[in-house]
Protein chains: 2
Amino acid sequence: MEAGRQRQGRLWSNLKEVCDLLHIPAAVSMNTEELLFQHVQFKTGQRVHTIGQAFDTLYIVNSGFLKTVLIDEFGNEQVLSFPMKGDMLGVDGIHTRHYASEAVALSDCDLILVPFKKLTALGRVHAELENLMYGVMSRELVREQAMIGMLGALSAEARVARFLISLAERFAAMGYSSKLFNLRMTRHEIGSYLGLTLETVSRTLSAFNEIGLITVDQRTIGIKDPEALKTLRRLPPSRSRAKQNAKHKAEADSAGDGQVLATA
Amino acid sequence: MEAGRQRQGRLWSNLKEVCDLLHIPAAVSMNTEELLFQHVQFKTGQRVHTIGQAFDTLYIVNSGFLKTVLIDEFGNEQVLSFPMKGDMLGVDGIHTRHYASEAVALSDCDLILVPFKKLTALGRVHAELENLMYGVMSRELVREQAMIGMLGALSAEARVARFLISLAERFAAMGYSSKLFNLRMTRHEIGSYLGLTLETVSRTLSAFNEIGLITVDQRTIGIKDPEALKTLRRLPPSRSRAKQNAKHKAEADSAGDGQVLATA
DNA sequence: CGCGAGATTGACTCGGGTCAATAGTAGTGG
DNA sequence: CCACTACTATTGACCCGAGTCAATCTCGCG
């Protein structure tokens with residue numbers, strides 16, 4: 001459970017492999033066989049880095065699933081992201097030279113160590129490297145902007161729907177099935193990530209299941225209607241309330257088409 | 001109203017001035033008198049850049065106030081930030097080479113143009129420059145993380161309170177009064193930024209005013225009790241310790257000190 | 001001066017948080 | 001192997017914070 005790391009792994013990656021992992025066009029034609037980055041393994045539950053810890057290295061996820069969290073003054077966790085293969089960790093430590101968030105392995109993980117000093121030293125020799133870093137950081141910035149937009153503007157159902165779609169797309173990009181996958185995080189963590197309670201997450205998943213958008217069995221999710229999930233804003237009234245709304249329901253139904261989403 | 005720019009300004013800044021503006025230790029001792037960056041003026045309401053526009057330059061705010069916004073599929077604005085003196089604009093364009101957000105001047109502004117190509121070219125000569133950029137981008141990343149945390153976890157009152165404190169601190173850092181200042185944005189823009197409606201913002205400000213935390217007169221805000229604003233928290237004290245709190249709830253309620261915030 | 005954008009305030013509604021009970025699942029050790 | 005425990009998920013009942021709708025009010029500006 002310590003923030004330290006265990007070094008039984010003997011794996012190393014060269015620069016090109018790292019660039020490929022980041023989905024960055026490795027226009028680097030240099031011979032990089034001598035430039036190796038060490039891998040490190042973390043077991044489920046282990047912390048990669050903690051808040052306030054001195055920053056010196058970036059991490060790139062080679063395999064496994066993690067979460068990054070902020071801890072507020074009362075010890076409550078706020079999940080910021082769920083990094084997986086190809087994502088970079090630790091960037092928030094550059095500014096103050098101390099990590100601003102905590103990263104925890106949600107499964108056994110294999111990470112690539114990128115000592116920040118080594119990176120900047122490399123940048124001095126290979127100028128295209130800094131563009132690579134700018135790109136990664138800018139991408140992360142855009143991702144967080146989208147997150148802010150979502151938290152600021154979307155309903156609970158829309159957040160959960162987008163979360164599922166986002167997961168599906170990331171799994172697809174990693175070569176896994178985008179139709180059937182396992183959540184690596186608890187309802188509580190999803191709720192924290194989406195600014196909702198775990199009950200709301202659970203209820204929303206159940207509602208999606210009832211309507212046939214997805215199938216849910218604990219952490220196993222099947223995506224049945226990705227298009228509906230993508231464009232979903234609000235859910236139609238549930239069956240329990242339907243009776244009470246019966247009077248107004250007719251006009252509402254006639255006005256609206258059979259669409260799942262009530263576009264505004 | 002076009003995204004273009006008017007070039008009547010003849011002002012230029014050298015690298016050191018730029019670094020100072022960014023609050024970055026300009027450890028650069030090089031002679032930079034020949035390295036000049038042009039200023040550009042924007043009038044209230046003008047767009048600095050729009051979403052999707054080809055990216056080629058970063059902007060540093062020398063004076064004035066702006067907002068950056070995302071536009072969703074229905075044309076709704078989501079305010080992302082309120083840049084002011086010393087802030088950098090356009091970083092989100094690096095990744096895709098197209099700006100991901102739109103920047104609008106809320107007052108007459110003076111911006112410094114930093115052509116991205118020029119910056120990377122400079123980085124090749126002066127390695128410390130890239131650290132500067134990493135720092136700026138990392139800082140922005142951390143700021144957005146804090147924003148996500150706020151949107152995900154805080155009540156409306158706490159968000160407004162933190163917004164005011166944040167503004168006060170930024171004004172102080174710029175040499176203005178942190179006790180009395182003018183908002184440059186509408187209630188609607190504040191609401192969008194904080195994930196609230198304009199009515200809630202207005203009501204919350206009125207409530208703070210009634211309680212004596214601040215004074216409000218349209219866009220003129222006076223900060224009366226910054227400490228109370230800073231410690232104004234969300235309503236539920238905890239989620240993980242809910243059970244224990246239940247027992248002590250009675251005494252906590254009866255002990256109800258003069259604190260402004262109803263902690264439970 | 002009057003117009004229109006912005007701000008304030010009230011009344012009402014409802015989405016989603018809170019509390020609570022139950023059940024499924026995983027790990028542990030006898 | 002099964003019981004025991006702790007964690008996770010589901011579901012229901014209730015309710016409150018904040019959104020919605022709407023009626024003024026204010027102020028800056030042409």
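Tutor: Contact means that heavy atoms lie within 4.5 Å. With that in mind, look at α2(A), which lies across β2 (36-42), β4 and β9 (109-115) of chain A. The model is predicted: local features need pLDDT of at least 70, side-chain atom pairs count only at pLDDT 80 or more, and totals for chains, interfaces and linings use all residues. Residues are numbered from 1 along each chain as its sequence is written, chains are lettered from A and ligands numbered from 1 in the order in which they are written, and side-chain values use heavy atoms, without hydrogens or water.

Student: What makes β9 of chain A, residues 109-115, a strand?

Tutor: Strands are DSSP runs of E with at least two residues, helices are runs of H or I with at least four, and both are numbered from the N terminus. β9 covers 109-115 of chain A, so the stretch meets the strand cut-off of at least two residues.

Student: At what angle does α2(A) run to β9(A)?

Tutor: At about 55°. Axes are lines fitted to C-alpha atoms, for helices over the stretch in contact, and angles run from 0 to 180 degrees between N-to-C directions.

Student: How do you know that β4 and β7 of chain A pair?

Tutor: Two strands pair if DSSP finds at least two bridges between them. β4 (residues 57-63) and β7(A) have two bridges, in the antiparallel sense, so they satisfy that rule. In this pairing, A:Y59 stands opposite A:L89 in β7(A).

Student: Which sheet has five strands?

Tutor: The open antiparallel sheet β1-β2-β9-β4-β7 of chain A. β1 (12-14) and β7 (88-89) are its edges with a single partner strand each, so each has one side without a neighbour in the sheet.

Student: And what is the strand order in the sheet of four?

Tutor: The order is β3-β8-β5-β6 in chain A, again open and antiparallel. The edge strands are β3 (47-49) and β6 (77-81), each pairing on one side only. On average, neighbouring strands here are turned by 35° against each other, direction ignored. β5 (residues 66-71) pairs with β6(A) over four bridges, and A:T68 has A:S81 as its bridge partner.

Student: Which helices lie across β5 and β6 of chain A?

Tutor: Helix α5 (residues 187-194) of chain A does, at about 75° to β6(A). Helix α3 (residues 128-153) of chain B does too, at about 125° to β6(A).

Student: How many residues does each chain bring to the contact?

Tutor: Chain A brings 44 and chain B brings 45. Together they bury about 4,100 Å², 63% of it on carbon and sulfur atoms. Buried area is the accessible area (1.4 Å probe) that two parts lose on being put together, summed over both. A:Y134, A:Q145 and A:I148 supply 17% of the area that chain A buries against chain B, more than any other three residues.

Student: Why is the meeting of A:R162 and B:E73 called a salt bridge?

Tutor: The term needs a side-chain nitrogen of Lys or Arg within 4 Å of a carboxyl oxygen of Asp or Glu. For A:R162 and B:E73 the N to O value is 3.2 Å, so the pair fits. B:R162 and A:E73 meet likewise at 3.3 Å. B:R162 lies in helix α4 (residues 156-173) of chain B and A:E73 in the loop between β5 and β6 of chain A, so this pair joins two chains. The interface has three salt bridges by this rule.

Student: Which elements of chain A give two or more residues to the side that touches chain B?

Tutor: They are β6, α2 (116-125) and α3 (128-153) of chain A. α3(A) gives the largest share, 20 residues.

Student: How do you know that β11 and β12 of chain B pair?

Tutor: Four bridges join β11 (residues 214-217) to β12(B), running antiparallel, so the pairing rule is met. B:V216 stands opposite B:I221. The two strands form a hairpin with two residues between them, and B:Q218 in the turn has a positive phi of about 55°.
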